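Biologist: Please take a close look at one part of this model, the nonpolar core and its aromatic rings. Then set that part in the context of the rest of the chain.

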Amino acid sequence: AENVTLVCAKVKNTKLELDSWKAKCITFHYCIFENTRIKSTQKEATFVGCTFYERDANTGNTHLKLEKASNFTKCTFKNIISEEDLLYLSNATVEHCLFSDCFVYEARLLTLSDSTLIDSECIRCRNSQKYKTSLFAVANTNVTRCSFLCCETKALRSYSTSYLFSASSN
């Protein structure tokens, strides 16, 4: 099949290797992902109205690494604790998404390259790091109308901190 669409599925405690799926494009509508890792270097993935969260704190299982085109629209990422970047995306569009009550240690909440981040909110998210001193890192990425409310980023050494680190972005 060229395309496959999953609607209202609940996926928990799973690693999804999308490259092993036969479809070229994979779409998730209103799915719930609990403690789920998703990875792909070759497939296009779209997430609409999906929720990503962790149950049982400190599992660190929620992580998405997508290198092909991906889209996240009206998705929620909440109550996630991780020691690696929560979202590591290339060629992505992230719009109208909410990041709430997430904590990353020695990592970033979101790393984007050659992407677009628009109309998204980050509420009560925190990080604590030695060297990576921002919640979001973007390269060659357009960031428009995003907000950070009650967030905290803390460097363990005396480096300057910010919510957004930008390299060649608009």
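Modeller: The chain has 23 strands and 0 helices. This is a predicted model. Of its 170 residues, 44% count as buried. Contacts with a sequence separation of 6 or more were also sorted by distance along the chain. Residues 24 or more positions apart supply 47% of them. The exposed surface of the chain is about 8400 Å², and carbon and sulfur atoms supply 46% of that area.

Now the core. The largest nonpolar core holds 39 residues. Which residues have the most contacts inside it? They are Phe33, Phe47, Phe52, Phe72, Phe77 and Phe99. The largest share of this core comes from strand E19, residues 134–139, with 3 residues.

The rings deserve their own pass. The whole structure contains 13 aromatic pairs. Take Phe33 and Phe47. Their ring centres are 6.0 Å apart, and their planes meet at 70°. An angle over 60 degrees counts as edge-to-face, so this pair is edge-to-face. The pair links distant parts of the chain. Phe33 sits in strand E4, residues 32–40, and Phe47 in strand E5, residues 44–48. The two are 14 residues apart. Are these two residues buried or exposed? Phe33 has a relative accessible area of 0%, so Phe33 is buried. Phe47 also comes out at 0%, and therefore counts as buried.

A second pair joins Phe99 and Phe136. The geometry is again edge-to-face, with 5.5 Å from centre to centre and 70° between the planes. Phe99 belongs to strand E13, residues 98–100, and Phe136 to strand E19, so the pair ties together parts 37 residues apart in sequence. Phe99 is buried, at 0% relative accessible area. Phe136 is buried too, at 3%. Strand E19 thus turns up twice: Phe136 lies in it, and it gives the core its largest share.

What does Phe99 touch, leaving aside neighbours within four places in sequence? Its contacts are Phe77, Leu87, Leu109, Leu110, Glu121, Cys122, Ile123, Cys125 and Phe136. Phe77 is also among the residues with the most contacts inside the core.

Step back to the ring network. Ring pairs join Trp21, Phe28, Phe33, Phe47, Phe52, Phe72, Phe77, Phe99, Phe136 and Phe148 into a cluster. That cluster includes both pairs described above: Phe33 with Phe47, and Phe99 with Phe136. Another ring has a charged partner. Lys65 lies over the face of Tyr88, 5.3 Å from the ring centre.

Next, the cysteines. How many disulfides are there? The count is 0. The cut-off for a pair of cysteine sulfur atoms is 2.5 Å. Cys97 has its closest cysteine sulfur in Cys75, at 4.7 Å, so the two are too far apart for a bond. Cys97 is buried, with 3% relative accessibility. For Cys150 the closest cysteine sulfur is in Cys151, at 7.4 Å, which is also too far for a bond. Cys150 is exposed, at 68% relative accessible area.

Cys8 is another exposed cysteine, at 56% relative accessibility. It occupies the loop between strand E1 (3–7) and strand E2 (10–17). Beyond residues up to four places away in sequence, Cys8 touches His29, Tyr30 and Cys31. Cys8 and Tyr30 are 22 residues apart in sequence, yet their C-alpha atoms are 4.9 Å apart in space.

Strand E2 also contains Glu17. Glu17 counts as partly exposed, at 43% relative accessibility. Its C-alpha lies 5.2 Å from that of Lys39, across 22 residues of sequence.

One last loop residue. Ser115 is found between strand E15 (110–113) and strand E16 (116–118). Is this loop residue buried or exposed? Ser115 has a relative accessible area of 5%, and since buried means under 20%, Ser115 is buried. Setting aside residues up to four places away, Ser115 touches Leu89, Ser90, Asn91, Ala92, Asn140, Thr141 and Asn142. Compare the loop residue Cys8: Cys8 is exposed, whereas Ser115 is buried.

Key:
Residues numbered from 1 in each chain as written. Predicted model: local features only at pLDDT ≥ 70, side-chain atom pairs only at ≥ 80, totals over all residues. Heavy atoms only, no water. Core = buried A, V, L, I, M, F, W, Y, C linked by side-chain atoms within 4.5 Å. Buried < 20%, exposed > 50% of the residue type's maximum accessible area, 1.4 Å probe, protein only. Helix = DSSP H or I, 4+ residues; strand = E, 2+ residues; numbered from the N terminus. Contact = heavy atoms within 4.5 Å. Phe/Tyr/Trp six-rings, centres within 6.5 Å; stacked < 30°, edge-to-face > 60°. Lys NZ or Arg CZ within 6 Å of the ring centre and 35° of its normal. Areas by Shrake-Rupley, 256 points an atom, 1.4 Å probe, with all protein chains shown as cover.
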